[in-house]
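The exercises below ask you to read secondary structure, packing and ring contacts from a set of atoms. Please work through each task before turning to its solution.

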Amino acid sequence: MCGIIGYIGGKSAVPILMSGLSRLEYRGYDSAGLATIVDGKVHNIKAKGKLSNLRALLEESPVQCTTGVGHTRWATHGAPSDLNAHPHCDCKGEISLIHNGIIENYLSIKKELETEGHTFISETDTEVLVHLIEHNYKGDIAEAVRKSLLRVEGSYAIGVVTSKEPGKIVAARLDSPLVIGLGRGENFIGSDIPAFLPYTRRVQHIQDREMVVLTDSSVEIFDLSGKKITRKVTEVHWDSAMAEKAGYRHFMLKEIYEQPRTIAETLKGRFDGDDITIEEMKLTNTDLADVNRIVITACGTAYHAGIVGKYFLEEYARIPVEMDVASEYRYRNPVLDDKTLVIAITQSGETADTLVSFRNAIAQGAKSIAITNVVGSSITRETPNLILTRAGLEIGVAATKTFTAQVTAMILLGLKIGRARGTISVEDFRMFREELHKVPALIEKILQDIEPVRTVARKYYKSRDFLFLGRSVGYPVALEGALKLKEISYIHAEGYAAGEMKHGPIALIDDMVPVVNILNHGPVFEKMLSNVKEVKARHAITIGIVNEGDESFDEYLDEIIKVPYIHPNLSPLLTTIPLQLLSYFIADKRDKDVDQPRNLAKSVTVE
Ligand code: G6P
């Protein structure tokens with residue numbers, strides 16, 4: 001979703017705001033804008049399209065200031081345009097606001113304000129909020145913001161500046177992320193930490209229905225009743241190099257190559273004798289042994305990681321596991337009790353649907369665990385039970401390293417619950433420990449020889465449709481392979497459970513359609529062999545991800561991509577890698593914007 005940044009201090013604000021926006025651009029790139037205070041007056045500048053358009057405007061007419069807020073937009077209400085771009089202003093041009101989220105009751109407030117004489121120039125919900133602040137302004141901007149926020153429904157992270165009180169930024173949040181960065185003689189706001197990471201690592205996390213008043217030398221946090229709040233300052237360990245491409249052409253490629261390290265990090269220190277330790281999780285083995293049902297809720301790539309986890313949990317923890325995409329789950333009326341464990345998987349920790357469905361389940365008494373990559377993100381406040389996937393900052397919109405880290409976390413959890421319930425033998429547990437620790441080196445090996453994947457990309461990048469087929473844990477890999485391809489190359493791609501082919505999708509096959517098959521060794525190997533024969537008989541172009549040394553498919557496959565053997569339940573950690581690379585090379589060959597695909601956003605904080 002949208003990204004926001006704010007700076008107040010002694011330095012020139014525009015370069016800081018612009019570099020912050022470039023680190024946030026992955027959150028949205030429909031338009032961008034800045035609201036600054038120049039010579040005691042509000043100065044807004046904004047442009048439709050990518051940040052480079054705003055940068056060009058600033059080069060034409062440079063702005064000198066030491067206070068400002070900036071925004072990069074992912075459009076919700078109102079098409080991407082100069083007018084709808086943030087910041088938005090009050091009638092007199094004295095108050096300026098940037099906003100991430102949706103003001104749901106904006107139409108009724110707008111009508112009221114129009115009767116009072118306010119004029120609106122955009123189609124956005126956001127503009128209503130700045131006029132409401134103008135309406136409530138009686139000499140104290142923080143008070144006007146507080147009063148206005150009590151009126152609005154929906155979600156927001158906002159930054160407000162005004163010429164009436166030029167030495168202040170007022171910010172607030174509800175269900176949209178907001179972090180404060182504390183510097184010396186300067187302070188920052190950001191939708192996430194990378195926004196200001198080159199300047200400070202000292203942060204305060206703002207919670208829902210809280211507002212902050214920043215000057216260059218102070219940060220005060222209040223709740224919406226006006227009561228002052230003390231919040232601890234935390235030091236983050238990410239460094240700003242993580243937000244750079246480190247010589248790779250794209251963030252996505254860099255992140256694919258980081259996977260040996262991010263999986264090793266996620267595994268580090270987790271094995272403790274014949275048990276798993278997860279320090280950030282309060283649930284004990286006795287609590288886990290008491291669970292008789294598990295529900296997993298997630299969106300997008302995280303949902304696919306959940307399916308891998310479901311299969312593992314069913315097999316080794318012997319508990320029934322249900323899975324639902326969070327956008328469906330939140331509107332169901334699920335049956336839950338304190339013997340149900342609900343697991344939310346979300347790399348950002350901010351996905352609105354995942355947050356709400358998780359919150360609802362907790363409210364109904366379920367036990368809870370959140371798997372996330374972002375310390376301090378919204379989901380970490382919903383539960384005392386976390387599993388942190390130490391994948392580091394992911395900037396490419398298409399998730400890669402966070403997927404394999406989520407799968408790793410789910411396997412660790414499966415092993416832990418299996419031990420707690422006594423459903424996995426010590427021998428199997430130890431075997432998985434060994435197998436898991438082999439994964440980083442095996443991925444390294446795949447990444448050392450990417451030529452076969454590149455060749456397949458070169459041959460088929462013009463195809464109109466792609467199918468991905470897998471069985472068992474190869475099925476979520478097929479779903480993820482198809483999602484990656486459509487996200488960044490805009491080729492129509494479908495992932496199917498291979499056994500479902502004959503119930504419809506087989507009709508799509510002809511000699512123009514590449515079919516990617518997940519063919520590693522495991523219990524469904526023979527079945528997959530039959531499926532490949534079926535598609536080959538219909539003249540499809542057959543591409544196989546097979547184990548090194550396996551020749552059983554050779555006569556049925558047009559293209560072969562090899563991965564090393566690993567225990568079948570862990571195979572998604574390897575078979576996914578060539579599919580990530582395949583979508584990357586195809587998108588790059590088609591000259592698409594790999595890191596910022598059209599219409600998508602890294603973290604979806606609206607419904
Ligand atoms: C967006 C991203 C996907 C991601 C999904 C869930 O759609 O583009 O890559 O998988 O959100 O995000 P989360 O942060 O909850 O894992």
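Two strands pair if DSSP finds at least two bridges between them, and the elements themselves are DSSP runs numbered from the N terminus, helices being H or I over at least four residues and strands E over at least two. This is a predicted model, in which local features need pLDDT of at least 70 and side-chain atom pairs count only at pLDDT 80 or more, while totals for chains, interfaces and linings use all residues. Residues are numbered from 1 along each chain as its sequence is written, and side-chain values use heavy atoms, with hydrogens and water left out.

**Exercise 1. The sheet of 8 strands**

Determine the strand order of the open sheet of 8 strands, and state which strands stand at its edges.

Solution. Following the pairings from one side to the other gives the order 3-2-4-1-10-9-11-15, with antiparallel pairing. The edge strands are strand 3 (41–48) and strand 15 (234–235), each of which pairs on one side only. As a check on part of this order, strand 9 (residues 179–182) and strand 11 (residues 202–205) pair in the antiparallel sense over 3 bridges; Val179 has His205 as its bridge partner in strand 11, and Ile180 stands opposite Gln204. Strand 11 is in turn joined to strand 15 by 2 bridges, again in the antiparallel sense, with Arg202 opposite Glu235.

**Exercise 2. Helices on that sheet**

Find which strands helix 1 and helix 2 touch, and establish how the buried residues of helix 2 are arranged.

Solution. Contact is taken as heavy atoms within 4.5 Å, and axes are lines fitted to C-alpha atoms, for helices over the stretch in contact, with angles running from 0 to 180 degrees between N-to-C directions. Helix 1 (residues 13–24) lies across strand 1 (3–8), strand 2 (31–38), strand 4 (67–73) and strand 10 (187–190), at about 160° to strand 1. Helix 2 (residues 51–60) packs on the sheet by touching strand 2 and strand 3, and its direction makes about 135° with that of strand 3.

For burial, the classes are buried (under 20% relative accessible area), exposed (over 50%) and partly exposed in between, with a 1.4 Å probe and protein chains only. In helix 2 the buried residues are Leu51, Leu54 and Leu58. These fall within an arc of 60° (taken from the directions from the helix axis to the C-beta atoms), so they line one face of helix 2. The face turned away from the buried side carries the exposed residues Glu59 and Glu60, whereas the cover over the buried residues includes helix 1, strand 2 and strand 3.

**Exercise 3. The sheet of 7 strands**

Work out the order of the open sheet of 7 strands, and explain why one side of each edge strand has no neighbour.

Solution. The order is 5-6-7-8-12-13-14, and the pairing is antiparallel. Strand 5 (88–89) and strand 14 (228–229) stand at the edges with a single partner strand each, so one side of each is left without a neighbour in the sheet. Helix 4 (residues 126–136) packs on this sheet, touching strand 5, strand 6 (95–103) and strand 7 (154–162), and makes about 130° with the direction of strand 6. Within the sheet, strand 12 (residues 210–214) and strand 13 (residues 219–223) pair over 5 bridges in the antiparallel sense, and Val213 stands opposite Glu220.

**Exercise 4. Aromatic pairs**

Classify the ring pairs Phe312–Tyr316 and Phe525–Phe553, and locate their residues.

Solution. Rings of Phe, Tyr and Trp (its six-membered ring) pair if their centres lie within 6.5 Å; planes under 30 degrees apart count as stacked, over 60 as edge-to-face and the rest as tilted. This rule gives 11 aromatic pairs. Phe312 and Tyr316 form a tilted pair, at 4.7 Å centre to centre and 40° between the planes; they are 4 residues apart in helix 9 (residues 300–316), about one helical turn, and both are buried.

The ring centres of Phe525 and Phe553 are 5.2 Å apart and their planes are at 85°, so this pair is edge-to-face. Phe525 lies in helix 16 (residues 525–537) and Phe553 in the loop between strand 26 and strand 27, so the pair ties together parts 28 residues apart in sequence. Phe525 counts as buried at 10% relative accessibility, and Phe553 counts as buried at 0%.
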